[in-house]
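User: I would like a close look at a single part of this protein, the strand at the centre of my reading, together with the parts that it meets. Please explain it formally and step by step, for a first-year student.

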Amino acid sequence: MIKKILKFIFVLIFVVSFSGWTNPAHSATPGQALVVGGGGSGAGSNPGAGGGAGGVIYHSSFTWAAQAYVMTIGAGGPGKLSGAGDGNTGNDSSIDSTIIGKGGGGGAYVEIPSRDGLAGGSGGGAASIAGGSAKTGGTADAGTTGGGTGSANAGGNAGLPAAGNTTGGGGGAGAAGENVTANNDGGNGGIGIADADVGNLLSIASAPDTSHTAGGGGGGANPSGLEGTGGDGGGGNGGGAGVSGVAGVANTGGGSGGGDASGNGGSGLIIIAFTTTEFTGSSTGTGGGADYETGTSGSLTWFRFDTTQTLTLTA
């Protein structure tokens, strides 16, 4: 178990302060950084499309300077009440303005003449109804990479049904939301980013989703047919008649499922890691419980931020 009072022995060259607690870190050598934006929420209508996942940015060799950094964790898009319309776009997560993972797009709700999904990190799913028109899932923009790699995908399209309605799945960091064409069908959310694609930081730092993925899209809803499932990486399942879409998992950036109403999108996440041999000396600090986690794995010392914190590197 990781203790709230942490004692490490590292190479002391710089100091890292996280809102009231101190641990040593070395900014002379590049480290890894993973930033995940907050997920979008699914639409609150009967039915509604799934919310898109937050954009994922991974930097395998991020150079830290002797300065203060604000580690901002983006909130997920607020859920929608029954009949309240399109889902809400999630908020950005960032390391200052250098690396920014954009919030996921909200899912569209069903009405004539049908609606496109909202743009975001990954896009929200589209929604169509008989008598309307086919619609397109929201477009994707992972964010500002700062020299790293961005991962995000579009929301699922909604084909024009002969009767009833269709709702696309929210886009995920690993795949687009599912396109749907069949009557009364809700698309599956796109899967999130694989652990191996982000330096295994999700498993190393014990990120919340047990599949060791992040940025899964929310499933589309349908009141009288098939509801879509949320994508691995915190995406919520779509709802049905009188059933709300499931919220995205906190600190995964997962989109919530569409439904009669919808839950919140999952909040974002930041993980950083340094090579343990770059540190020496000793330090003891206390901190904010669930606001951060830290530990070692193999050759790495890692820090995981679940809420906004300030990191200061000083010579």
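The answer below begins with the whole chain and then turns to strand 16 and its surroundings.

Analyst: The model under discussion is a predicted one. Its protein chain contains 1 helix and 20 strands. Of the 315 residues in the chain, 56% are buried. The chain exposes about 10700 Å², and carbon and sulfur atoms supply 51% of that area. Among contacts between residues at least 6 apart in sequence, 59% join residues at least 24 apart.

Strand 16 covers residues 269-275. This strand is mostly covered, since 6 of its 7 residues are buried. What does strand 16 pair with? One partner is strand 4, which runs antiparallel to strand 16 over 5 bridges. Within this pairing, A33 has I272 of strand 16 as its bridge partner. Another partner is strand 19, again in the antiparallel sense, over 6 bridges. Here I271 stands opposite R304 of strand 19.

The same residue I271 leads to the interior of the model. The largest nonpolar core has 18 residues, and I271 is among those with the most contacts inside it, together with L34, V56, I193, V198 and L202. Which elements give two or more residues to this core? They are strand 4 (31-36), strand 5 (56-62), helix 1 (201-204), strand 16 (269-275) and strand 19 (300-305). Both of the partners described above, strand 4 and strand 19, therefore appear in this list, as does strand 16. Apart from this core lies another, of 17 residues, which includes I73, A142, I272 and F274.

V198 offers a further view of the largest core, where it is one of the residues with the most contacts. Leaving aside neighbours within four places in sequence, V198 is in contact with L34, V56, Y58 and I193. Of these, L34, V56 and I193 are also named among the residues with the most contacts inside the core.

R304, the residue opposite I271, has a charged partner as well. Side chains of opposite charge can pair when their charged atoms come close. D306 forms a salt bridge with R304, and the closest N and O atoms are 2.9 Å apart. Are these two residues buried or exposed? Both D306 and R304 are buried.

A search of the whole structure finds 4 salt bridges. Another of them joins the side chains of K102 and D141, at 3.6 Å from N to O. K102 lies in the loop between strand 8 (99-101) and strand 9, whereas D141 lies in the loop between strand 9 and strand 10 (143-144), so the pair ties together parts that are 39 residues apart in sequence. K102 has a relative accessibility of 29% and therefore counts as partly exposed. D141 is also partly exposed, because its relative accessible area is 38%. The side chains of R115 and E111 meet in a salt bridge too, at 2.9 Å from N to O. R115 is partly exposed, with a relative accessible area of 26%, and E111 counts as partly exposed at 26% relative accessibility. Salt bridges that share partners join D86, E111 and R115 into one network.

The loop that leads from strand 15 (213-214) to strand 16 contains D232. Why does D232 count as partly exposed? Its relative accessibility is 47%, and a residue is called exposed over 50% and buried under 20%, so D232 falls in between. Not counting residues up to four places away in sequence, D232 touches I191, G192, S211, T213 and G216. The C-alpha atoms of D232 and T210 are separated by 9.2 Å, while the two residues are 22 apart along the chain.

Finally, a sheet elsewhere in the list of strands may be set beside strand 16. Three strands form an open sheet with mixed pairing, in the order 9-12-13. Strand 9 (127-129) and strand 13 (185-186) stand at the edges, and each has a single partner strand, so one side of each is left without a neighbour in the sheet. Strand 9 pairs with strand 12 (residues 165-167) in the antiparallel sense over 3 bridges. In this pairing, A127 has T167 of strand 12 as its bridge partner.

How values were computed:
Residues numbered from 1 in each chain as written. Predicted model: local features only at pLDDT ≥ 70, side-chain atom pairs only at ≥ 80, totals over all residues. Heavy atoms only, no water. Core = buried A, V, L, I, M, F, W, Y, C linked by side-chain atoms within 4.5 Å. Buried < 20%, exposed > 50% of the residue type's maximum accessible area, 1.4 Å probe, protein only. Helix = DSSP H or I, 4+ residues; strand = E, 2+ residues; numbered from the N terminus. Contact = heavy atoms within 4.5 Å. Pairing = 2+ DSSP bridges. Areas by Shrake-Rupley, 256 points an atom, 1.4 Å probe, with all protein chains shown as cover.
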